[in-house]
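Good morning, and thank you for making time for this presentation. I would ask you to keep the sequence and the structure in view while I speak.

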Amino acid sequence: MKEIGREAIMGEKRDSLGSFEEIILRIVLGLGEEAYGVRIRQTAEQAMEKSVAIGAVYTTLDRLERKGFVSSWQGEATPERGGRAKRYFRVESPGIRALNYAEETRRRVSEGLALA
Amino acid sequence: MSKDFIRNAPNRAERAPRPGTRKYRARIAEVNQQARRNAVKNLDEFESALAKRYAKRPRRAGAPSPLRPVAPPARAKKLLLLILTREERATNIIGDLTEEYAEIEAEYGIQFANFWYWKQVAASACPLLKKALRWGFLASIWGWIHRLI
């Protein structure tokens, strides 16, 4: 798994993950079918124990989508949303690889191994 | 014994009074009176609901009133629409904020919900504006290059 992560991710700048991006990606992965703006923002707020703006969440999700880590589709419009549609997100395989690589990197650093 | 039992049975069908008779007129009057009583009762309930809605003290908690649809602050929404460039994104963000606004309004009251909405708009303005300006800047550079070519 380590080698797959290195081969897939190393050397490509666009595949790197920022800390907030990683949090959002993990939340989307955890929420599964229920991953849309409100739930993602609320979960991020609970996890980070600070206020998270919906604009920041959507900007990050846009960036993740451009990188190919997540995909999105329009859901149903409900009356409590003022007749506006939900946008659902799903983590794609490059996103899972990027998460695995980030996890692996963290583990190697914490174990004190040389990265070279 | 058995004949009395049959005669006094509670499920024995009551004969409807014939039109024009005194019994018929009495029955009509009774039905009308009952309808009037129900109407007054409904009106009282409606007025008490209105009085609660327009009372001086704002409702702090409880379920949203059926008399008034949940509406986030219009100025905040307009500001958000000014910042958001794409129509699709505006629909998603405003929809999400509206959904959460209704939940917060039902739990903590309208004043806190309005404060929360404005806070969200202000906090969202920075990343959204940055993004919009970046794309606007890139688009303008592309325009200049296109003109030079």
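Let me begin with a definition: a salt bridge here is a side-chain nitrogen of Lys or Arg within 4 Å of a carboxyl oxygen of Asp or Glu. Please bear in mind throughout that this is a predicted model. By that criterion, the structure holds 15 salt bridges over all chains, and E22(A), R26(A), E103(A) and R106(A) are linked by such bridges in a network.

Let us take this network apart. Which side chain meets that of R106(A) at 2.7 Å, N to O? It is the side chain of E22(A), and the two form a salt bridge. The pair connects distant parts of the chain, 84 residues apart: R106(A) belongs to helix α5 of chain A, residues 93-111, and E22(A) to helix α2 of chain A, residues 19-31. As for their surroundings, E22(A) is buried, at 10% relative accessibility, whereas R106(A) is partly exposed, with a relative accessible area of 43%.

R106(A) also meets the side chain of E103(A) in a salt bridge, at 3.7 Å from N to O. This second pair lies within helix α5 of chain A, where the partners are three residues apart and therefore separated by about one helical turn. The general background is that an α-helix has 3.6 residues a turn, so residues three or four places apart point the same way. E103(A) is partly exposed, with a relative accessible area of 39%.

A further salt bridge in chain A joins R41(A) to E45(A), with the closest N and O atoms 2.6 Å apart. Both residues sit in helix α3, residues 37-48 of chain A, and because they are four residues apart, about one helical turn separates them. Is R41(A) buried or exposed? R41(A) is buried, with a relative accessible area of 2%, while E45(A), at 24% relative accessibility, is partly exposed. The assignment for E45(A) follows from the cut-off, because buried means under 20% relative accessible area.

I return now to helix α2 of chain A, which contributes E22(A) to the network. This helix has 13 residues and spans 18 Å from its first C-alpha to its last, close to the 18 Å expected at 1.5 Å a residue. Its buried residues are E21(A), E22(A), I24(A), L25(A), I27(A) and V28(A). What do these buried residues pack against? Their partners in chain A are α3, α4 (54-67), β1, β2 and α5. After α2(A) comes G32(A), which has a positive phi, near 65 degrees.

The two strands just mentioned deserve a closer look. Strand β1, residues 70-78 of chain A, pairs with strand β2, residues 84-91 of chain A, in the antiparallel sense over seven bridges. Within this pairing, A77(A) stands opposite A85(A) in β2(A). Five residues lie between the strands of the hairpin, and G82(A) there takes a positive phi near 70 degrees.

I turn to the aromatic residues. A pair of aromatic rings is described by the distance of the centres and the angle of the planes. There are six aromatic pairs over all chains. In chain B, the rings of Y101(B) and Y117(B) have centres 5.7 Å apart and planes at 90 degrees, so this pair is edge-to-face. Y101(B) lies in helix α4 of chain B, residues 87-108, and Y117(B) in helix α5 of chain B, residues 110-148, so the pair ties together parts that are 16 residues apart in sequence. Both tyrosines are buried, Y101(B) at 1% relative accessibility and Y117(B) at 0%. In chain A, ring pairs link Y36(A), W73(A) and Y88(A) into a cluster.

Finally, chain B as a whole. How many helices and strands does chain B have? The count is five helices and zero strands, and the order from the N terminus is accordingly α-α-α-α-α. Of the 149 residues in chain B, 22% are buried. Among its contacts with a separation of 6 or more, 55% are between residues 24 or more positions apart. The chain exposes about 12,000 Å², of which carbon and sulfur atoms supply 61%.

To close, I would return your attention to the opening theme, the salt-bridge network of E22(A), R26(A), E103(A) and R106(A). Thank you.

Note on methods: Residues numbered from 1 in each chain as written. Chains lettered and ligands numbered in written order. Predicted model: local features only at pLDDT ≥ 70, side-chain atom pairs only at ≥ 80, totals over all residues. Heavy atoms only, no water. Helix = DSSP H or I, 4+ residues; strand = E, 2+ residues; numbered from the N terminus. Buried < 20%, exposed > 50% of the residue type's maximum accessible area, 1.4 Å probe, protein only. Contact = heavy atoms within 4.5 Å. Areas by Shrake-Rupley, 256 points an atom, 1.4 Å probe, with all protein chains shown as cover. Pairing = 2+ DSSP bridges. Expected span 1.5 Å × (residues − 1). Phe/Tyr/Trp six-rings, centres within 6.5 Å; stacked < 30°, edge-to-face > 60°.
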